[in-house]
Amino acid sequence: MIVSTIMRKEVDRVNQKHESKRAGPGDDPLETMHAIVHLYRSQQLRGLRAGAHELAHMEVKALMYFARNPGATQSELVAHSGRDKAQVARLIKGLRDGGLLDAAADAVDRRSTRLSLSDAGREVFASLRRHNDALGEVALAGMSGDEKARLLALLGRVRANLERQGEG
């Protein structure tokens, strides 16, 4: 608990540092995107702290993965996330112990375990979605539909460029 509090204070300190920087006309677009991601995650974490479950960023990502891919395996999460097997195993154990994930043996391969959100996990996920939707509305406030579409298209191009680079 003390370590968790210390880590939260450090995350808040780093995020406040990023929040204090405002984008100016000469700023690097990638630095601006980086700052936006930090602001978004900072506010996401604040929302998580207000909920019944104190979840770390990777726990949220895992819940989102299993919400979109019910019945996926731990190995599939490892492949998707690029995280270490042991780290994912600890993450899954914590989510199962917290009652947020249900596990069932695979019907074909009994050695494999299929994971999905429990009822409590679905409630937490729904709360996360509501919070993220509200945060998204705040982030995009004042933008027209055309502006949102242009922003999405530009970010899609940046992502595609980086994905192509990663393939080479």
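This report walks through the fold, the core, the main pocket and a few individual residues of a predicted model.

## The overall fold

Let's begin with the chain as a whole. The protein chain contains seven helices and three strands. Read from the N terminus, these elements follow the order α-α-α-β-α-α-β-β-α-α. The chain has 168 residues, and 22% of them are buried.

How do the contacts spread along the sequence? Taking contacts between residues at least 6 apart in sequence, 49% link residues that are at least 24 apart. On the outside, the chain exposes about 11800 Å², and 55% of that area is supplied by carbon and sulfur atoms.

## The nonpolar core

Which residues sit at the heart of the contact network in the largest nonpolar core? This core has 22 residues, and the members that touch the most other members are L55, L63, F66, L77, I92 and L95. Two or more residues come from each of α3, α4 (74–81), α5 (85–97), β3 (113–117) and α6. Helix α3 is the biggest contributor to this core, giving seven residues.

L77 is a good place to look more closely. Setting aside residues up to four places away in sequence, L77 touches A62, Y65, F66, G82, V88, L91 and I92. Two of these partners, F66 and I92, are also listed with L77 among the core members that touch the most others.

## Around helix α3 and strand β1

E59 is a handy landmark in helix α3. Beyond its neighbours within four places in sequence, E59 is in contact with E54, L91 and L95. One of these partners, L91, is 32 residues away from E59 in sequence, yet their C-alpha atoms are 6.6 Å apart in space. L91 also appears among the contacts of L77.

Strand β1 spans residues 72–73 and includes A72. Is A72 buried or exposed? A72 has a relative accessible area of 4%, so it counts as buried, the cut-off being under 20%. Not counting residues up to four places away in sequence, A72 touches Y65, F66, T113, R114 and L115. Y65 and F66 are contacts of L77 as well. A72 and D106 are 34 residues apart along the chain, and 9.8 Å separates their C-alpha atoms.

## The largest pocket

Now for the open space in the model. The largest pocket has a volume of about 1600 Å³. Its lining consists of 30 residues, and those nearest the centre are M33, I36, V37, Y40 and L155. By type, the lining residues are 18 nonpolar, seven polar and five charged.

Which helices build this lining? At least two residues each come from α2 (29–50), α3 (57–68), α6 (119–139) and α7 (145–167). The largest share belongs to α2, which supplies ten residues. Helices α3 and α6 also give residues to the largest nonpolar core.

## N132 in helix α6

N132 is a residue of helix α6. Its relative accessibility is 11%, so N132 counts as buried. Which residues does N132 touch beyond those up to four places away in sequence? The answer is Y40, Q44 and M64. One of these partners, Y40, is also among the residues nearest the centre of the largest pocket.

Technical notes:
Residues numbered from 1 in each chain as written. Predicted model: local features only at pLDDT ≥ 70, side-chain atom pairs only at ≥ 80, totals over all residues. Heavy atoms only, no water. 1 Å grid on protein atoms, 1.4 Å probe; cavity = no way out; pocket = protein on both sides within 12 Å on 5 of 7 lines; lining within 4 Å. Points joined across faces, edges and corners; volume = space filled by probe spheres on them. Helix = DSSP H or I, 4+ residues; strand = E, 2+ residues; numbered from the N terminus. Nonpolar A, V, L, I, M, F, W, Y, C, P; charged D, E, K, R; others polar. Buried < 20%, exposed > 50% of the residue type's maximum accessible area, 1.4 Å probe, protein only. Contact = heavy atoms within 4.5 Å. Areas by Shrake-Rupley, 256 points an atom, 1.4 Å probe, with all protein chains shown as cover. Core = buried A, V, L, I, M, F, W, Y, C linked by side-chain atoms within 4.5 Å.
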